[in-house]
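Hi there,

Here is the structure I promised to pass on. Please have a look at it first, and my notes follow below.

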Amino acid sequence: MSPESTGQNEHYLTVFWRGFRTWRGNRPFWAGLFTILGGLPIAYFPYANMHLGNMTIAMSTTAGAGSLIIGVLLVTLGLTMWFHHIVRVFAGVAAILLALISIPVANIGGFIVGFVFALLGGALSIAWVPGEAMAPAPAGAPEQWTRQDDDARAPEYGQEFHGAAPVPPQPAQFDGTVDADGGRHRAG
């Protein structure tokens, strides 16, 4: 074993961080995080009490239960984006709709903070697309093998490919000016 070998003597935090990065890269992590962070102030502020000296200011409204439901649903949608990323588009659309509903229901969407985070999380969830797997590097390939290198080596369209027949040429497009009689119809 050489002193340059990796993997056996790595610190457990390095191994954990590498695993977390892999897990995070396979799902809409930031979308889920922003959606969860958007749901927390929406659910919290209607039940919060602020103390100024001997005076207590309650920010509760008559729609406290509605804002609690919206906040819990946003947290649930954020967790769904993390652990069941197949339904990311549904979760993103639902997060955006709940963020919009939170404006009149939950203290202006958790004093705009929850609204912005939930809206951003929903948009990121809709926009996230899983990455494509990289093609395995052929024997003798350089260390930094990329998909662009693989596409550059692919045969052009119409060339013979492993003994297949060549692609026949495309027929010419119809030229309407040949049949036209001075731009008029034949009947007229």
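Before anything else, please keep in mind that this is a predicted model.

Let me start with helix α5, which covers residues 107-111 and contains F111. The backbone there caught my eye: F111 has a positive phi, near 55 degrees, although F111 is not a glycine. The next stop is I112, found in the loop between α5 and α6 (113-127). I112 is another non-glycine residue with a positive phi, in this case near 70 degrees. As for accessibility, F111 has a relative value of 39% and I112 one of 43%, so each of them counts as partly exposed. You may like to look at the backbone of F111 and of I112 yourself.

A positive phi also turns up in the hairpin of β1 and β2, where G53 sits near 70 degrees. Two residues lie between the strands of this hairpin. Strand β1 takes in residues 49-52 and strand β2 residues 55-58, and the two run antiparallel, paired over four bridges. If you want one bridge to find your way by, M50 has I57 in β2 as its partner.

Next comes helix α4, residues 88-105, which includes R88. Is R88 buried or exposed? With a relative accessible area of 17%, below the 20% cut-off, R88 counts as buried. And what does R88 touch, once residues up to four places away in sequence are set aside? The contacts are P28, S125, W128, V129 and P130.

Finally, the aromatic residues. The count of aromatic pairs comes to twelve. One of them joins W23 and F29 in an edge-to-face arrangement, with 6.1 Å from centre to centre and 75 degrees between the planes. The two partners fall into separate accessibility classes: F29 is buried at 10% relative accessibility, whereas W23, with a relative accessible area of 24%, is partly exposed. Both W23 and F29 belong to a cluster linked by ring pairs, together with W17, F20, W30, W82 and F83.

If you open the model in your viewer, I would suggest going through it in this order: F111 in α5, the hairpin of β1 and β2 with G53, R88 in α4, and then the ring cluster that includes W23 and F29.

Happy to hear your thoughts whenever you have a moment.

Best wishes

Key:
Residues are numbered from 1 along each chain as its sequence is written. This is a predicted model: local features need pLDDT of at least 70, side-chain atom pairs count only at pLDDT 80 or more; totals for chains, interfaces and linings use all residues. Side-chain values use heavy atoms; hydrogens and water are left out. Two strands pair if DSSP finds at least two bridges between them. Buried means under 20% relative accessible area, exposed over 50%, partly exposed in between (1.4 Å probe, protein chains only). Contact means heavy atoms within 4.5 Å. Rings of Phe, Tyr and Trp (its six-membered ring) pair if their centres lie within 6.5 Å; planes under 30 degrees apart count as stacked, over 60 as edge-to-face and the rest as tilted.
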